[in-house]
Amino acid sequence: MSRFFHGDSSSDSSSDEEELYSGDEATKAAEAESSEEDSSENEGDDSDSSSDDEGGKTGASRFLREASDDSDEEDEDKVTVVKSAKDKRFDELEGTIRLLENAQKISDWNALNENYDRMNRQLPTLQRDLDGKAPKMYIKSIAQLETQVMEAFEKQKVTPKKMNPIAQKSMNALRQKIRKNNKEYMTDLEAYRKDPEEFMKEDVVEETAPAPKKPKKKLLDNDTTLDANDEGFTMVGAGGKAMIYTPESILKHLRTILEARGRKNTDRLEQIKIMERLLDVAVTDYQRIRVLLMLIATRFDLTSGTGSQMSQEQWKLAQQGIAQLLDILEEHEEIVVVDSGAENPEDDEKAPEPSIKGVLEIPGSVPSFVERLDDELTRVLQSIDPHTAEYVERLQDEPSLYSNLVRAMLYTERLKANDKLTVPQPQESINRVIMRRLEHLYFKPASVVTVLEEGTWKSVPETLDSKITPRSEGTDINNLVQTLAVYLFKNAEGIIRARAMLCQIYFLALHDQYYKSRDMMLMSHLQDTIASFDVNTQILFNRTLTQVGLCAFRQGLVYECQTALQDICGSQRQKELLAQGLQIQRYSQITPEQERLERQRQLPFHMHINLELLECVYLTCSMLLEIPTLAQAGSSPELRKRVISKSYRRMLEYHERQIFTGPPENTRDHVMQASKALAAGEWKKASDFILSIKIWELLPDSEGIKAMLGQQIQEEGLRTYLFTYAPFYDTLQVTKLAEMFELGQQKVTALVSKMIHHEELAAALDQVNGAIIFRKGVELSRLQSLALTLSDKASGLIESNERVLEQRTQGTANAFERQGGRGGRGGRGGRGGGRGRGGSGFASRGGGGQGGGQQFTGGALGSAIRAQ
Amino acid sequence: MAAVLPADAPVRQVQLSALVVMRLIKHSTQIFPTPATGCLVGMEQPKTATLEITNSFPFPASNPDNTASVTTSNPMDPYHQADQLALALAAPRAKGSVSYQNEMIKYLREVNVDAQGVGWYVSCSMGNFVNAAFVENQVFYQRATGEQSCVLVFDVGRSSQGSLNLKAYRLSKSFMEAHKEGKFTSESIQKSSLRYQDILIELPLKIHNSHLLTSYLHQLPNIPTTTDSLTLPTTIAEIHRNPSLASNPLTPNLDNLDLSIDPFLEKTLDQLLESIESHQTEQNNAQYYQRSLAREQAKVKTWKEKRASENVLRVQQKQTPLPEDEWTKLFKLPTEPSRLEAMLVGRQVEQYARQIDGFAGTVTGKMFGVRGGLVPGEGL
């Protein structure tokens, strides 16, 4: 309280009393376990609100104190303050007065009136505390109020401007009340009016005098304990209790914090501060590890909510904490942190004993920490706008995270090899860490990974090396990913294995090894089972498939590329399938819960596959396949129905419907106009359109890809031309064609031969004269095509009829076939019987007879005979 | 026809006078492709169970020049034809036509012509006459003028191929009964065991010439005299110039040897495909109904179970049980679509199939003839 009023220079006559009072309480409770709830319960107030208040006040008071420049009180700076009931009443009064002042400033008479009443209600109890005297600030405020009311009243008389009736009423009431009320405090008011400064000052002196005494006294008290050990440290804890952090009490404090963990109203920041101090105090590695484990966990707890992300500062501290933990663990091989098989000793007093084999086991999980660290970074990156500097800044934390991952991997690896542990460590933890490492590698180009790896190995102590990924082989990146994936194939199962496989395929596809990645993709048979995996793995699958498609495109394999991308790009849901942004679908109703989950799944921006590039590649491939097909189909309705890419067709139709088409603006326009040109046989124009798309620059070796595209367009243009214009030709010179499409004669001959062979073109190649001779009248007549349609339709009709029948009879099996069925069965039975009888008549009375009998009677009787 | 003529039917065959045939052909070809409709008059001969049709007159609505509404409308209007089609098909039932018919019959009686309305006629193209309007018309006639009334169907398209195509139909008794009930749900169809083959009954047709006409025909130049040595024509022009072929209307002409079956088959196939399509639509409707019915029934079932368990609880608590038949108010079962359309489509498909069969039959015969002519050495 007193601290609070320093800056205000208001009065608190009995702050010394109060301090002593709380001091007493503190000494009483010094030995007992202290918590904030306890003291607030004593005050018989609502514990929730009070503790909240205190949190706020601590901050504010601390701030004021620094301004007061009082060196003696430094020690108390960061202490949680617990206030007595009286203090609170003062606070309330203060709050009310502030409200009053605010209302005065804006002349809100209604609020003034209300607050005045409230202030008067609060007064009696305070007067009781102050031996019947009114608090000084009260006097001050009522004095100010009176003057203002008088002024306002006078002004009201003079000016004709009417006040709001409610305000008018309130003001009159207030005036009456003030007049009546102020009589009681006549003397005080006069004193205040005479010299406000003096009136308030005497109080300040009164108050500040005892303040410095108290902490001194406390410090002296503490000195006795401090003497005992040099490193000892004094803190004034909750409720003004002294918190003494000694190496001995570390574990006890930890226990307290552990118990408070997860509870409501636990101030985690406070706990972190305590633990930071504890860490400074800790002497043995055991203690340090214990504190670190707790500290890191608490840091992660700070943002356990769904909406919040870890601040960079906290994240870095957590990262450093983990690094420190790993440092210690790397240095001291006799201490290990294990997932299972160890328990914290119940008795904090005794020093922990190493197990029989000389290893001190501490429960905890390094892999979980690293995983959590990774998750937190991902969450942060998800929430930041990727085009800001902040994103890049946070992304720069990745190498340190990665080095943590590698070190954690080394550690778990060592742990696995360590045979001194009471319980052998599960394979799973090492798998998890390796998986994380792989997930940080698979989407990056080799050059980036090389830099990352080099940096990481530098940060790892020289003495350490990994069996799985030896330091010496760190430079060969392809090999690294391969090794990690292979390790997981061998040792992991289920989802991790599938993920490892996908990561490797992705990496291979990224590095232009199409056939290898395709073979692996097919051999994995993941496409059959992917639906049963979790959503994140499905997303990874989609990403991998997309990457394989892009890889095929870079290799110039148009058909393969189109087929691979078909599912992802043809669905209009690329964003959702690749988890690269939410797609608001107009007619879908997703609950906020689903949307939240969806948001959590999103990939950070630096992992994205460029969607525009993807669309461009897909559309270009579709164009190269669709345009010749469309030309081939001509006007035949049946062939026209064979659609390669539905979305492309839709776009093309839309584009064709447009009355006026301006110059192309985006990728889609480019491709569409190119399609139009290609369909008309103008391959040069089409090629110009396609090659002027800027996005090709994003691909590595864009020149090569452009050359490939040009070549493809020439070839497909030739095919389209032949399909479209073949009916108008009798013969066509190969050289002429070669000239038209600027292709080699050999190439043209090859293409034409291929078309003839596939029966796409009714023609023959005259090699002597170098000409193509077209045959006429080989197309179906209208009647023939109609007849074909009819046969299709009729079979469809039969099918649907059968389906209906099936539907009707599924409950009562062969209800419809009863008559026919019986006839059939009877016939079969008769035939069987005949054969049976024949058998028994013909052959000797041996097995033949028996067989015949069985056939004849069948069923139960047959088995009875067999039993005989 | 599949439906067999019942033995006790009042009329077992139809006798047409040549006049009616000629009038029918004239009217139908005149306003083709709009279907022509008109009224038939004649009398019934109960003794021989024959319906004699002696005269006919067209309905005014089917003649576009007579109706004001049609003359004012733009003939280029794409809906014009569809309008006319509907109008023409609805003509026999229209109120105006009925009064017109009565008037006409009155006048005919005055000139001493058989004055008894015995049915109506309609023209079609390639057998596309089986539809709802056709059935409605015939129902109307069979109700109004008795069971004996029949409909003559003249197929313009097929007749142009060379042989007259005229058929007489009547609706079957079972169909009439079913139609009386007014609904064609699967249940009622099952009960009456009505099949699409049973809708129409075809009557045998006989063309009768009056004695006067027969004597006139006998006066016409005779069949060309058969000479022993046939001088075969060398060019088509020679055939056309042949006086005995050009001047004699009764000599077999070359039209009968026409082999171009394609246009007819194409047209029929087109129509067949159309019919199958509409059949599919009908089927989809039925399936949709089935699905929604199943859904509703499941709802009702769960509701009933819930109510039953509630009632058990209420009985235990000694409360009066809630009524269990409230579901009729709460749930509305979907109404079943009429199956009549599906049946008619079935009948129509059958009609087309028969037609194709017929074409193929005659053309195959001609083909053999051609083969015999081309390759004299072998065959035949």
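A residue is taken as buried when its relative accessible area is under 20%, and in this predicted model both B:Phe264 and B:Phe359 are buried. The ring centres of B:Phe264 and B:Phe359 lie 5.6 Å apart with the planes at 40°, so the pair is classed as tilted. This pair connects distant parts of chain B, given that B:Phe264 belongs to helix α12 (residues 262-316) and B:Phe359 to helix α14 (residues 340-374), with the two positions 95 residues apart in sequence.

Over all chains, the count of aromatic pairs comes to 16. One of these is formed in chain A by A:Phe553 and A:Trp696, whose rings are stacked at 5.4 Å centre to centre with 20° between the planes. A:Phe553 is located in helix α25 (residues 535-554), whereas A:Trp696 falls in the loop between α33 (683-691) and α34 (702-725), so the pair ties together parts of chain A that are 143 residues apart in sequence. A:Phe553 and A:Trp696 are both buried. Elsewhere in chain A, ring pairs join A:Tyr721, A:Tyr725, A:Phe728, A:Tyr729, A:Phe741 and A:Phe774 into a cluster.

The contact between the two chains involves 12 residues from chain A and 14 residues from chain B. The size of an interface is often expressed as the accessible area lost when the parts come together; here, the area buried between chain B and chain A is about 1300 Å², with carbon and sulfur atoms giving 63% of it. On the side of chain B, the residues that lose the most area to chain A are B:Glu266, B:Leu269 and B:Leu273, which together account for 36% of what that side buries.

With regard to polar interactions, one salt bridge is counted between chain B and chain A, namely that of A:Lys793 with B:Glu277, in which the closest N and O atoms are 2.5 Å apart. In addition, three residue pairs are in polar contact between chain B and chain A, with both residues at pLDDT 80 or more. Sorted by class, the side of chain B that touches chain A comprises five nonpolar, five polar and four charged residues.

A further position considered in chain B is B:Gln101, which is found in helix α4 (residues 95-110). Because its relative accessibility is 8%, B:Gln101 counts as buried. When residues up to four places away in sequence are not counted, B:Gln101 touches B:Cys39, B:Phe57, B:Phe59, B:Gly117 and B:Tyr141.

Technical notes. Residues numbered from 1 in each chain as written. Chains lettered and ligands numbered in written order. Predicted model: local features only at pLDDT ≥ 70, side-chain atom pairs only at ≥ 80, totals over all residues. Heavy atoms only, no water. Contact = heavy atoms within 4.5 Å. Buried area = accessible area lost by both parts, 1.4 Å probe. Salt bridge = Lys/Arg side-chain N within 4 Å of Asp/Glu carboxyl O. Polar contact = N/O pair within 3.5 Å; in protein donor to acceptor, adjacent residues only side chain to side chain. Nonpolar A, V, L, I, M, F, W, Y, C, P; charged D, E, K, R; others polar. Phe/Tyr/Trp six-rings, centres within 6.5 Å; stacked < 30°, edge-to-face > 60°. Helix = DSSP H or I, 4+ residues; strand = E, 2+ residues; numbered from the N terminus. Buried < 20%, exposed > 50% of the residue type's maximum accessible area, 1.4 Å probe, protein only.
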